[in-house]
Amino acid sequence: MSAIPTRADLAALPAYVPGRTVPGAIKLASNEVPGGPLPSVAEAITRASREINRYPDMGAWALVERLASEFDVPTSQVAVGCGSVSLCQQFVQALCAPGDEVLFAWRSFEAYPIVTQVGNATPVRVPLTPSHTHDLDAMLAAITPKTRLVFVCNPNNPTGTAVRTEELTRFLDAVPSDVLVVLDEAYREFVTDPDVPDGMEFARTRPNVAALRTFSKAYGLAGLRVGYAVASEPVIEALRKVYVAFSVNALAQSAALASLDAKDELLARCAEIVGERTRVRDALLGMGYEVPETMANFVWLPLRERTAEFAEHALDHKIVVRPFAGEGVRVTIGTAEENDVFLEAARAYLA
Ligand SMILES: *Cc1c(COP(=O)(O)O)cnc(C)c1O
């Protein structure tokens with residue numbers, strides 16, 4: 001029997017490496033929040049589960065309307081997706097012909113090169129600066145007539161660093177009007193510096209800017225898969241055309257709505273994580289580690305050639321971190337107790 005021929009280029013596709021789950025160990029590897037669903041959200045999921053013999057609302061209209069009113073835009077400027085990863089792929093599919101270029105910083109979110117290649121477009125990676133932040137001038141210089149899409153992950157995963165208003169505005173002013181800039185703000189709710197711009201402001205006022213957010217992180221719904229984008233009407237219309245039918249499921253739609261109802265309570269949890277973030281970073285700095293300033297719910301340790309060794313050491317101490325071979329380790333902020341176990345492991349590593 002001969003094998004079915006599949007796309008030859010799939011062999012060159014980088015694999016998405018999910019954070020490991022190790023039984024009995026503390027998982028600080030996937031930037032999840034430590035708290036489970038609020039009772040009100042769990043209840044909404046239970047209620048919705050009674051009707052899962054029915055297809056979900058295809059357009060997720062209740063959620064789209066709710067988000068539109070949250071952000072003060074028409075519903076024609078809001079799209080939802082099966083996680084914001086799915087929307088990243090939809091952006092490529094909606095904008096790129098084969099061979100078009102998709103630009104992003106590196107290292108950044110590992111889904112970008114994958115969704116780009118799946119969409120038959122060409123990834124162009126622009127190295128971060130030595131201080132682990134986006135090099136927006138270099139990114140601007142890397143734009144060619146083939147560039148259709150630029151991802152700016154703010155704050156950046158995995159380094160936690162954020163670009164500020166002045167530099168981002170200057171960048172957006174200079175990007176050609178036929179290139180879409182997607183501001184991936186998966187960690188927006190953890191941002192505390194008022195000088196880190198709110199991408200929604202740009203998405204509302206500039207036709208070539210989209211803001212991308214998710215319920216997976218601050219809102220604690222990583223397991224349910226729902227994200228959303230705000231952009232100009234033609235962009236949203238195109239995103240909807242490449243949407244996999246019914247992919248935002250009914251439980252996710254209900255849970256997202258209930259989470260927006262419980263926004264204050266969920267954002268209060270984020271404030272606790274932010275407090276822990278400061279404590280963890282200060283402790284690491286005190287031990288002598290290099291830790292870039294972070295605006296997300298994780299810290300980045302650029303350990304370079306010691307990355308794998310550190311990750312193994314952490315695992316010996318029952319902590320699962322996310323190593324990026326040869327570059328560094330990303331550690332999610334957990335509960336105070338979990339963070340203490342991690343800090344103890346980090347201290348022991350130096351001993
Ligand atoms: C976690 C993350 C996402 C969220 O993905 P979902 O598919 O919504 O779970 C998107 N972008 C970045 C940069 C992330 O780190």
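Colleague: What makes Asp 184 and a nitrogen atom of the ligand a close pair here, in ångströms?

Modeller: A polar side-chain atom of Asp 184 sits 2.8 Å from that nitrogen, and a polar contact is a pair of N or O atoms within 3.5 Å. The protein also covers 94% of the 390 Å² of accessible area that the ligand has on its own, going by the Shrake-Rupley method with a 1.4 Å probe. Mind you, this is a predicted model: local features need pLDDT of at least 70, side-chain atom pairs count only at pLDDT 80 or more, and totals for chains, interfaces and linings use all residues. Residues are numbered from 1 along each chain as its sequence is written, and side-chain values use heavy atoms, with hydrogens and water left out.

Colleague: Why is Lys 217 called buried?

Modeller: Its relative accessibility is 14%, and buried means under 20% (exposed is over 50%, partly exposed in between; 1.4 Å probe, protein chains only). So Lys 217 counts as buried.

Colleague: How do you know which residue shares a side-chain polar contact with Lys 217?

Modeller: The side chains of Lys 217 and Tyr 187 are joined at 3.1 Å. Within protein, one atom must also be able to donate a hydrogen and the other to accept it, and residues adjacent in sequence count only if both atoms are side-chain atoms.

Colleague: And what does the ligand have from Ser 216?

Modeller: A polar side-chain atom of Ser 216 lies 2.6 Å from a ligand oxygen. For Lys 217, an N or O atom in the side chain is 3.3 Å from an oxygen atom of the ligand.
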